Amino acid sequence: GNQFSLGLILFLMITTDSLFDGNELMGIYRDRVDVAGTLLQQDDFRISVFLRLSFYELSEERTLALGDRLIAVLAKLLLGEQEQRYQDMAELIEELQSLNLELEEEREQKEVDALRIAHLSYQNCIHSHKDFLNNI
C-alpha cells in the first residue's frame, strides 16, 4: 500500500496530473489493475520524465538511460500485487540514491567541463591579445 501510494505521488509530481480519474476509493482500486504495464508505454509520461531530467543538461544518451531507470522504478512501485514491488522501502531508497548519485556525478562533470572551457578561453584571450595587454 505505501509503495503504491508513493508511486502515485511521484507520478503526480512528475506529470502534474493524476493517474486515475476516479473519485471514490473502489473506483481507483479497480482502475489500477495494469497501471505499471501501461506506464512504460505512455509517451506523455516518458516525455515528462525526460523534461524533468533536462534540468541536468545531460547528453541525450544519459537522459534516456536515467529516464528509463526512473520510469522502471515508478512502474515497480505501481505494480498491482504488493509481492511484485520492492521488498521494503530500504531497497527503494537504495535505488533512488543510486539514481541521484549518477545525476550528481553528471552535474559535477558538467561544472568541471565549464570551468575548464572558461579557463582555456581566458588563456586564449591573453595569448591572442598579448600586445594589447602589455600596453596597458
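1. In this predicted model, Gln3, Phe4, Gly7, Leu10, Phe11 and Ile14 of helix H1 meet Leu70, Leu74 and Leu77 of helix H5. Sorted by class, the contact of H1 with H5 has seven nonpolar and two polar residues, and no charged residues take part. The axes of these two helices come within 8 Å and cross at roughly 140 degrees. Because an angle has to be over 145 degrees to count as roughly antiparallel, H1 and H5 are described as oblique to each other.

2. A reader new to the chain may want its overall plan at this stage. The chain has seven helices and zero strands, and the elements, taken from the N terminus on, run α-α-α-α-α-α-α. Of the 136 residues in the chain, 26% are buried. Among the contacts between residues at least 6 apart in sequence, 62% join residues that are at least 24 apart.

3. Helix H1, which covers residues 2-15, also meets helix H4, which covers residues 43-53, and here the two axes come within 9 Å and cross at roughly 70 degrees. Since angles of 65 to 115 degrees count as roughly perpendicular, that is how H1 and H4 stand to each other. On the H1 side the residues involved are Phe11, Met13, Ile14 and Thr15, while on the H4 side they are Phe45, Ser48, Val49 and Arg52. By class, this contact of H1 with H4 has five nonpolar, two polar and one charged residues. Phe11 and Ile14 deserve attention when the two contacts of H1 are read together, as both appear in the contact with H5 and both appear in the contact with H4.

4. Gln3 belongs to helix H1 and is one of the residues through which H1 meets H5. Is Gln3 buried or exposed? Its relative accessibility is 9%, and because buried means under 20%, Gln3 counts as buried. When its neighbours within four places in sequence are left aside, Gln3 is in contact with Leu77, Arg85, Tyr86, Asp88 and Met89. Leu77 in this list is also one of the H5 residues that meet H1.

5. Leu78 is found in the loop between H5 and helix H6, the latter being residues 89-128. With a relative accessibility of 0%, Leu78 counts as buried. How far apart are Leu78 and Gln3 in sequence and in space? They are separated by 75 residues in sequence, whereas their C-alpha atoms are 7.4 Å apart in space.

6. Val73 is found in helix H5, residues 60-77, and at 2% relative accessibility Val73 counts as buried. Leaving aside the neighbours within four places in sequence, the residues in contact with Val73 are Tyr86, Leu92, Glu95, Leu96 and Leu99. Val73 and Tyr86 are 13 residues apart in sequence, and from C-alpha to C-alpha they are 9.2 Å apart in space. Tyr86 is therefore a residue to follow across these points, because contact means heavy atoms within 4.5 Å, and by that rule Tyr86 touches Val73 as well as Gln3.

7. Thr63 lies in helix H5 and is buried, with a relative accessible area of 10%. Apart from its neighbours within four places in sequence, Thr63 is in contact with Phe50, Leu53 and Leu58.

8. The last point concerns the aromatic rings. How many aromatic pairs does a search of the whole structure find? The search finds zero. The ring of Tyr86 nevertheless has a charged group over it, for the charged end of Lys76 sits over that ring, 4.5 Å from its centre. Tyr86 thus combines this arrangement with Lys76 with the contacts to Gln3 and Val73 noted above.

Notes. Residues numbered from 1 in each chain as written. Predicted model: local features only at pLDDT ≥ 70, side-chain atom pairs only at ≥ 80, totals over all residues. Heavy atoms only, no water. Phe/Tyr/Trp six-rings, centres within 6.5 Å; stacked < 30°, edge-to-face > 60°. Lys NZ or Arg CZ within 6 Å of the ring centre and 35° of its normal. Helix = DSSP H or I, 4+ residues; strand = E, 2+ residues; numbered from the N terminus. Buried < 20%, exposed > 50% of the residue type's maximum accessible area, 1.4 Å probe, protein only. Axes fitted to C-alpha atoms, helices over the stretch in contact; angles between N-to-C directions. Parallel < 35°, antiparallel > 145°, perpendicular 65-115°, else oblique. Nonpolar A, V, L, I, M, F, W, Y, C, P; charged D, E, K, R; others polar.
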